[in-house]
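User: I want to learn to read this model step by step. Can we begin with a single residue and work outwards?

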Number of protein chains: 2
Amino acid sequence: MTAVERLSLHDAQSLIRDALIGAGTPEPAALSVAAALVAAQAEGQVGHGFSRLGDYAAQVQSGKIRADAAVTVTPTGAAALHVDAGCGFAFPALDAALAAGLPRAQDAGICIMAVGNSHHCGALSVQVEKIAQAGLIGLMMANSPRAIAPWGAAEALYGTNPIAFATPQAGGEPLVIDLSLSRVARGKVMNAHKSGKSIPEGWALDARGNPTTDPAAALAGTMVPIGEAKGTALALMVELLTTAFTGSAFSKDAGSFFTSDGPEPRVGQTLIAIRPNGATGYPARVHDLLETLAAMPGARLPGARRRAAIARARAEGIDVPVIYLEQARALAHGGATA
Amino acid sequence: MTAVERLSLHDAQSLIRDALIGAGTPEPAALSVAAALVAAQAEGQVGHGFSRLGDYAAQVQSGKIRADAAVTVTPTGAAALHVDAGCGFAFPALDAALAAGLPRAQDAGICIMAVGNSHHCGALSVQVEKIAQAGLIGLMMANSPRAIAPWGAAEALYGTNPIAFATPQAGGEPLVIDLSLSRVARGKVMNAHKSGKSIPEGWALDARGNPTTDPAAALAGTMVPIGEAKGTALALMVELLTTAFTGSAFSKDAGSFFTSDGPEPRVGQTLIAIRPNGATGYPARVHDLLETLAAMPGARLPGARRRAAIARARAEGIDVPVIYLEQARALAHGGATA
């Protein structure tokens, strides 16, 4: 049993902000990162929450994350933006992309935002939900250091390359879908590795392509894709839309999100915001279909568990492993990372 | 062994055009449909080729396909179009969407085309490749009569809801990816049913959710999705983007693509064309990644089999089952469907 301490979302966010500032991050970037990590933790995505802070801070201190990078936003058309994260944190670049992109989508009917030279973007659900909260349909893809082998090959070429979708609905919170193209998110293996647990069979293959339950062997090997050849075809699609399209590194060349040395990740994220056509009654029809789905015996409504976790976190706070809190508090008070 | 006859692509297209005209289709629509069916047949997608002609013709004759529908194209923003197929064939509406949408994507950086009140759209690969041939990145999704159950449920709610992607690359033909979210395309089950063959286990479930190798039982049941719960989450995403977004029928309410009576399909298709940012060297980097992929031991390059089939069909023609040719020739000479 890991020792945990309960924090309100507000206190958790302040603590992460202060820890990042302590590590040398300018306050606006620290605020952006803290908000994203706490939002991920609140929805139960612990692999994208507090567990990332120590590695982030160490990368700020080593200069692998340029925490003071100036984000540049360049329109490449009436409905298209290129955003250069400047090898800083992903979150300030994503904030800038959405701030510039959502009004364009409202005007033009759609806007695509290409974020390049970026870093770990955490839970995509957090970003696409912002699009849906603005009344637009959100799509997002991201690449990540290589983890999935092309179908038939043994060596990894693609990241777990997640796809996320969010949509507003009449009379309810947005529907949010967020899935990586590995059978499970690589963050879960990472988390098992950090907490010294083994992983179930079927999640990953070792470096020679054999099934493994050892998270260390899995991290040195590849993740099992969803849908066999179809899953790796989707991974290739996401790869091209997030790397070549954004001017970022291929997953095979991307530096680690975790180590404080080595090459920068230079990954990419691509977001699309779409305005529903007012004539189609879109939000009401989304609600109707989700009602139908929820009423089907045995059916699972995507995002229901996430929604419940967020409600619980807002009401009761979140349980954070003490080891992460001690690290955060040491950073916030000017100490070095472990 | 099915008796076949070899036809050039030109002769195949003329025959289908004449057959559709014989059934009562105006010539422009007949040309559009013929081009799409032959393109699908040429790339080996026989479930979207000649095998569809008899059912199409019967639906034109019964009025279920309004072959003389006037396609309307309504801009809903600088980078967005709504296209109403008017319950006619899908292909003239898709042609109109691309004709109006691709120049907008060139200008604005992206364009989304929502095609509503449509019919069977055949091989999505054929449509997205046109986008890539214009130097743009193409995405397409479509819904279809219900075939996949939500994860955990026994009854179908979603179509096989395919996703397709195409991209230009420097020094080579476009990369084209086209996959349905069922483990295999429903057209393959339909084709097995037409030719009296059984299907492999793992493709489909019967109406009570049990595995089956009988294509008739499979057509009355559901198709197995890729990726378990993740696959059905993707199916829900495609469902909303192609039905509520385009003003079309949900897959659960869509009429059959095959019978000449019953409600119209009224399905939807959504296409997105994206202009690569010239500053990122996009086409050359796509080529580089595909070269890397092709050089990996054991790796399968998506679309390679399709590309080979197209080259063979252009050089040698296509083998069409005689049963389909007799039907087509009877229609072309003013006869009724069988």
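User: Which helix of chain A holds Gln133(A)?

Analyst: Gln133(A) sits in helix H5 of chain A. Keep in mind that the model is predicted.

User: Is Gln133(A) buried, exposed or partly exposed?

Analyst: Count neighbours. A residue is buried at 20 or more other C-beta atoms within 10 Å, and exposed at 12 or fewer. Gln133(A) has 14, so Gln133(A) is partly exposed.

User: How far apart in space are Gln133(A) and Arg275(A)?

Analyst: Their C-alpha atoms are 12 Å apart, while 142 residues separate the two in sequence.

User: Next, the sheet. What is the strand order in chain A?

Analyst: Read across the sheet, not along the chain. The order is E2-E3-E4-E10-E5-E6-E7 in chain A. That makes an open sheet of seven strands with mixed pairing.

User: Why is one side of strand E2 and of strand E7 of chain A left without a neighbour in the sheet?

Analyst: Strand E2 (72-77) and strand E7 (172-179) of chain A stand at the edges. Each has a single partner strand, so one side stays without a neighbour in the sheet. As for twist, neighbouring strands are turned by 15 degrees against each other on average, direction ignored.

User: In which sense do strands E5 and E6 of chain A pair?

Analyst: Antiparallel, over four bridges. E5(A) covers residues 137-142 and E6(A) covers residues 163-169. One bridge joins Met140(A) to Ala164(A) in E6(A).

User: Which strands does helix H5 of chain A touch?

Analyst: Helix H5 (residues 124-133) of chain A packs on the sheet and touches E5, E6, E7 and strand E10 (267-274) of chain A. Its direction makes about 30 degrees with that of E6(A).

User: And chain B: where does helix H8 of chain B lie?

Analyst: Helix H8 (residues 228-242) of chain B lies across E6 and E7 of chain A. The helix runs at about 130 degrees to E7(A).

User: How many residues of chain B are in contact with chain A?

Analyst: 55 residues of chain B contact 54 residues of chain A. H8(B) gives the largest share of the chain B side, eight residues. By class, that side has 35 nonpolar, 13 polar and seven charged residues.

User: What rotation superposes chain B on chain A?

Analyst: A rotation of 180 degrees, with 0.0 Å of shift along its axis and an RMSD of 0.0 Å. That is the relation of a two-fold axis. In chain B, the C-alpha nearest the axis belongs to Gly227(B), 2.4 Å from it.

User: Why do the copies meet through the same surface?

Analyst: Compare the two sides. 98% of the interface residues of chain B are also interface residues in chain A, so the surface is the same.

How values were computed. Residues numbered from 1 in each chain as written. Chains lettered and ligands numbered in written order. Predicted model: local features only at pLDDT ≥ 70, side-chain atom pairs only at ≥ 80, totals over all residues. Pairing = 2+ DSSP bridges. Helix = DSSP H or I, 4+ residues; strand = E, 2+ residues; numbered from the N terminus. Axes fitted to C-alpha atoms, helices over the stretch in contact; angles between N-to-C directions. Contact = placed C-beta atoms within 7 Å. Nonpolar A, V, L, I, M, F, W, Y, C, P; charged D, E, K, R; others polar. Least-squares fit on C-alpha atoms with pLDDT ≥ 70 in both.
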